[in-house]
Amino acid sequence: MANRRNFLKASLLGASAMAVGGKVLAAGADAPAKSGKRMPRVISTWDFGVPANLAAWQVLASHGHALDAVEKGVQVPEADLKNHSVGRAGYPDRDGHVSLDASIMDADGRCGAVAALENIAHPISVARRVMERTPHVLLVGEGALQFAVEQGFKKEKLLTPESEAAWKEWQKTAHYQPVANSEVRDYGKKPDATLGLPGGKDNHDTIGMLAIDEHGRLAGACTTSGMAWKLRGRVGDSPIIGAGLYVDGEVGAATSTGVGEEVIRNVGSFLVVELMRQGRSPQQACEEAVMRIVKRRPNMKDLQVGFIAMNREGEIGAYAIQSGFSYAVCDAGKQDALFASKSVY
Ligand code: SD4
């Protein structure tokens with residue numbers, strides 16, 4: 001179990017390199033922008049956050065709203081056929097159904113979410129419709145699908161031949177053991193957003209994105225196909241407001257990736273925002289929230305949870321249990337920056 005000394009050691013030594021255009025540039029402290037202003041800005045989880053941020057940036061750079069930016073941004077991995085952990089090409093559940101979870105939230109506490117949604121490629125946009133066109137926050141399963149179709153979303157088969165092949169391969173053992181996405185990635189290379197995920201190993205990455213626009217408005221989005229081979233009906237943290245995503249315009253925003261059950265148990269993203277409210281920096285808040293989980297679960301060997309956070313000044317933070325968690329940052333200074341997060345192990 002990580003004790004306080006380990007934690008401090010990890011905080012001090014945890015490598016945090018940044019890759020931009022193929023070169024590792026600097027340690028991943030949140031360096032002040034040259035202009036002194038950190039907005040507009042967008043941060044998102046994992047390597048595929050780089051192209052997602054670019055799409056969000058198009059909105060932010062043309063004076064758009066943070067809410068539009070995060071929706072547009074996360075639609076990129078949702079549509080990516082090589083991405084087997086988000087959206088259209090996500091790996092299915094144990095029984096072969098691709099079921100998607102997503103949530104979206106703005107600075108005023110307005111939010112919407114869908115869980116266990118099947119046959120719709122962009123769950124984030126359905127989540128936004130839940131927020132804007134219903135008195136509800138969360139729609140699930142059949143009801144979410146019915147609502148999506150009523151709203152004009154196209155119903156389509158999502159299971160791609162590649163995902164189906166991976167599922168069939170998995171069925172040979174049918175062993176369900178979420179594996180931490182913690183292999184060391186080569187940050188010396190230009191981030192390759194089309195990497196996809198090797199079958200069966202990296203079986204769960206989620207895109208969580210936080211943005212602040214030029215008016216200082218915060219918003220967040222989170223979308224995933226959840227854990228590959230999960231039990232039918234399993235819902236992770238991503239569509240649970242307060243767990244996978246939380247935004248408070250007076251304080252900041254946070255989102256998570258990793259084993260959703262642990263994040264739900266600890267109401268992770270809400271915790272990160274509350275810690276920022278109490279005066280922690282985004283980095284300190286992410287670290288404390290991760291340590292809260294680690295403290296409760298001594299045997300964290302195969303467990304990954306990572307948080308990213310942004311406060312209302314546009315300062316950011318990231319922290320994970322395991323190494324190998326990456327996050328992408330985009331602002332007026334650099335649009336394709338990818339960082340290796342600090343981590344406990
Ligand atoms: C879930 N948190 O469904 C998601 C999966 C994920 O990295 O983020 N994996 O539990």
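Of the protein's 345 residues, 59% count as buried, where buried means under 20% relative accessible area, exposed over 50% and partly exposed in between, with a 1.4 Å probe and protein chains only. This is a predicted model, in which local features need pLDDT of at least 70 and side-chain atom pairs count only at pLDDT 80 or more, while totals for chains, interfaces and linings use all residues. Residues are numbered from 1 along each chain as its sequence is written, and side-chain values use heavy atoms, with hydrogens and water left out.

**The whole chain**

Start with a cartoon view. You should find 9 helices and 15 strands; helices (H or I, at least four residues) and strands (E, at least two) are DSSP runs, numbered from the N terminus. Switch on the surface, and about 14100 Å² is exposed, with carbon and sulfur atoms supplying 53% of it. Those areas come from the Shrake-Rupley method with a 1.4 Å probe, and for residues only the protein chains shown count as cover. Now think about contacts, meaning heavy atoms within 4.5 Å. Among contacts with a separation of 6 or more, 67% are between residues 24 or more positions apart.

**Stop one: strand β5**

Select residues 111-118, which is strand β5. With 8 of its 8 residues buried, the strand is largely enclosed by the rest of the structure. Add strand β4 (residues 99-106), which runs antiparallel to β5 and is joined to it by 6 bridges; two strands pair if DSSP finds at least two bridges between them. Show Ile104 and you'll see Gly112 of β5 standing opposite. The hairpin of β4 and β5 has 4 residues between the strands, and there Gly109 takes a positive phi near 85°.

Next, bring in β6 (residues 138-140), which runs parallel to β5 and is joined to it by 3 bridges. Ala113 has Leu138 in β6 as its bridge partner. Add helix α4 (residues 123-133), and you have a left-handed β-α-β unit made of β5, α4 and β6. To check the hand yourself, point the strands away from you: a crossover is right-handed if the path from the first strand over the helix to the second runs clockwise.

**Stop two: helix α3**

Keep Ile104 on screen and select Glu71, which sits in helix α3 (residues 66-79). Glu71 counts as buried at 13% relative accessibility. Leaving aside neighbours within four places in sequence, Glu71 is in contact with Ile104, Ile124, Ser125 and Arg128.

Then click on Val70, also found in helix α3. Val70 is buried, with a relative accessible area of 0%. With neighbours within four places set aside again, its contacts are Ile104, Met209, Leu210, Ala211, Ala219, Gly220 and Ala221. Try a distance label here: the C-alpha atoms of Val70 and Leu210 are 6.7 Å apart, although their positions lie 140 residues apart along the chain.

**Stop three: Thr206**

Move to Thr206, where UniProt, in an unreviewed entry, places the feature "active site". UniProt positions are given in the numbering used here, feature names are shortened, and annotations may be inferred rather than shown by experiment. Thr206 is in the loop between α6 and β7 (207-212), and is buried, with a relative accessible area of 6%. Not counting residues up to four places away in sequence, Thr206 touches several residues, including Thr45, Trp46, Phe48, Cys222, Ser238 and Ser256.

**Stop four: the rings**

Show the aromatic side chains. There are 5 aromatic pairs in the whole structure; rings of Phe, Tyr and Trp (its six-membered ring) pair if their centres lie within 6.5 Å, and planes under 30 degrees apart count as stacked, over 60 as edge-to-face and the rest as tilted. Zoom in on Trp170 and Trp229: the ring centres are 5.4 Å apart and the planes are at 15°, so this pair is stacked. Trp170 belongs to helix α6 (residues 161-171) and Trp229 to the loop between β8 (218-224) and β9 (245-248), 59 residues apart. Both are buried. Add Tyr91, and ring pairs link Tyr91, Trp170 and Trp229 into a cluster.

**Last stop: helix α8**

Finish on residues 268-277, helix α8, where 8 of the 10 residues are buried. Among the buried ones are Leu271, Val272, Glu274 and Met276. Turn on β9, β10 (252-258), α7 (260-265), α9 (282-296) and β11 (305-311), which are included in what covers them. Just after α8, look for Gly279, with a positive phi of about 115°.
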